[in-house]
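Colleague: Could you take me through one part of this fold in detail? I'd like to hear about a single strand and what sits around it.

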Amino acid sequence: MTSDSASPPALMVVMAHPDDESTSAGGVLSLYARRGVRTVLVTCTNGEYGDGIAGAKPGSAGHSAEKVARTRLAELRTACTHLGVDALELLSHHDSGSIDQIRPACTVFADIPLQTVAEELSALIDRHRPQVVVTHEPTGTRHVDHIHAATATEVAVRAGNVVAKLYYAAHGTRYWNRVRGALRQAGIDYPEPDTSRRRVTDRIDEQIAARIDIRSVVSRKRAALFSHVSQIHTSTTAKVPVEYWPAVFAVEEYIRAYDVSGAPVPEVDLFAGLF
């Protein structure tokens, strides 16, 4: 590995919005924190384009981007407490919104040059010295902020000489089948994906290199997710009844996007081959 072998174990998770950390990597953040690994969460935007009070949508009279950001960042800090995150780093860019929302009349995260974001992340990597970095899986999402965060993270990792392993948090067909099955058992209809979407999630499954058992911390992952009170009504994950959580979310799956450790796959530990 190229990272300093004298450095204590450190995990950095780079996510686009407040609440992404809980749904995508809440298990590994909590699991490795409990194992004594230093955990760092980087959140790229303030989440301004989430829902406001009483579900007010961006662009509506009842929506205040500034108030939404304050609320979501407070919720994020609560979630970090549940997950045992050691350091929260905020890039504080403006949420770009999803493709079906009105574009804000300001510079949003997706407009920030890729190299600029990569340099911001490189500075944080140099400061925290993580051996392992986790970010979004960039091909299975339509959200421009997720893609931008993932792409910039990979640029930063490959440009430096610190990180040994980069993973994408993967939600493939197996994951969505578990979620869909639990929702249907609870009487909640969740439609099957169309053929093109199924091809995407099948391809994600084919690339998964690490399956991390998070059963010991699944309650912490759930508590962190439900800390995001203002947005919880939009979360498919949150609709899964609590009694199904240990089965549905027993594992988090990851694609290994970059590696200098030479650790064989499949893996059950993101730090395999490093110590």
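**Strand E5 and its surroundings**

Modeller: Let's start from one pairing: Leu166 has Tyr258 in E7 as its bridge partner. Bear in mind that this is a predicted model. That pair belongs to a ladder of six bridges between E5 and E7, and the two strands run antiparallel.

On the other side we have E4. Here E4 and E5 run parallel and are joined by five bridges, with Val134 standing opposite Tyr167 of E5. To get from E4 to E5 the chain passes through H4, making a right-handed β-α-β crossover.

H4 covers residues 144-159 and has plenty of company: it lies across E1 (10-15), E2 (38-45), E4 (132-136), E5 (165-170) and E7. Relative to E4, H4 runs at about 155 degrees.

Now for E5 itself. Side chains in a regular strand alternate between the two faces of the sheet. In E5, Lys165, Tyr167 and Ala169 are on one side, while Leu166, Tyr168 and Ala170 are on the other. Both faces are covered, and every one of those residues is buried, Lys165 included. With six of its six residues buried, E5 is largely enclosed by the rest of the structure.

Zooming out, E5 belongs to an open sheet of seven strands with mixed pairing, in the order E3-E2-E1-E4-E5-E7-E6. The edges are E3 (87-93) and E6 (208-213), each of which pairs on one side only. From one strand to the next, the twist averages 25 degrees.

Follow the order past E5 and you come to E7 and then E6. E7 takes in residues 251-259 and pairs with E6 in the antiparallel sense, over five bridges. Ile208, for instance, has Ile255 in E7 as its bridge partner.

One more piece, away from the strands: helices H2 (residues 65-83) and H7 (residues 218-226) pack with their axes 8 Å apart, at an angle of about 170 degrees. That angle makes H2 roughly antiparallel to H7. On the H2 side the contact involves Ala79, His82 and Leu83, which meet Arg220, Lys221, Ala223 and Ala224 of H7. By type, the residues of this contact are four nonpolar, one polar and two charged.

So, back to your strand: E5 has E4 alongside in parallel, E7 alongside in the antiparallel sense, and H4 lying across it.

How values were computed: Residues are numbered from 1 along each chain as its sequence is written. This is a predicted model: local features need pLDDT of at least 70, side-chain atom pairs count only at pLDDT 80 or more; totals for chains, interfaces and linings use all residues. Side-chain values use heavy atoms; hydrogens and water are left out. Axes are lines fitted to C-alpha atoms, for helices over the stretch in contact, and angles run from 0 to 180 degrees between N-to-C directions. Helices (H or I, at least four residues) and strands (E, at least two) are DSSP runs, numbered from the N terminus. Angles under 35 degrees count as roughly parallel, over 145 as roughly antiparallel, 65 to 115 as roughly perpendicular and the rest as oblique. Contact means heavy atoms within 4.5 Å. Ala, Val, Leu, Ile, Met, Phe, Trp, Tyr, Cys and Pro count as nonpolar, Asp, Glu, Lys and Arg as charged, and the others, Gly among them, as polar. Two strands pair if DSSP finds at least two bridges between them. Buried means under 20% relative accessible area, exposed over 50%, partly exposed in between (1.4 Å probe, protein chains only). A crossover is right-handed if, with the strands pointing away from the viewer, the path from the first strand over the helix to the second runs clockwise.
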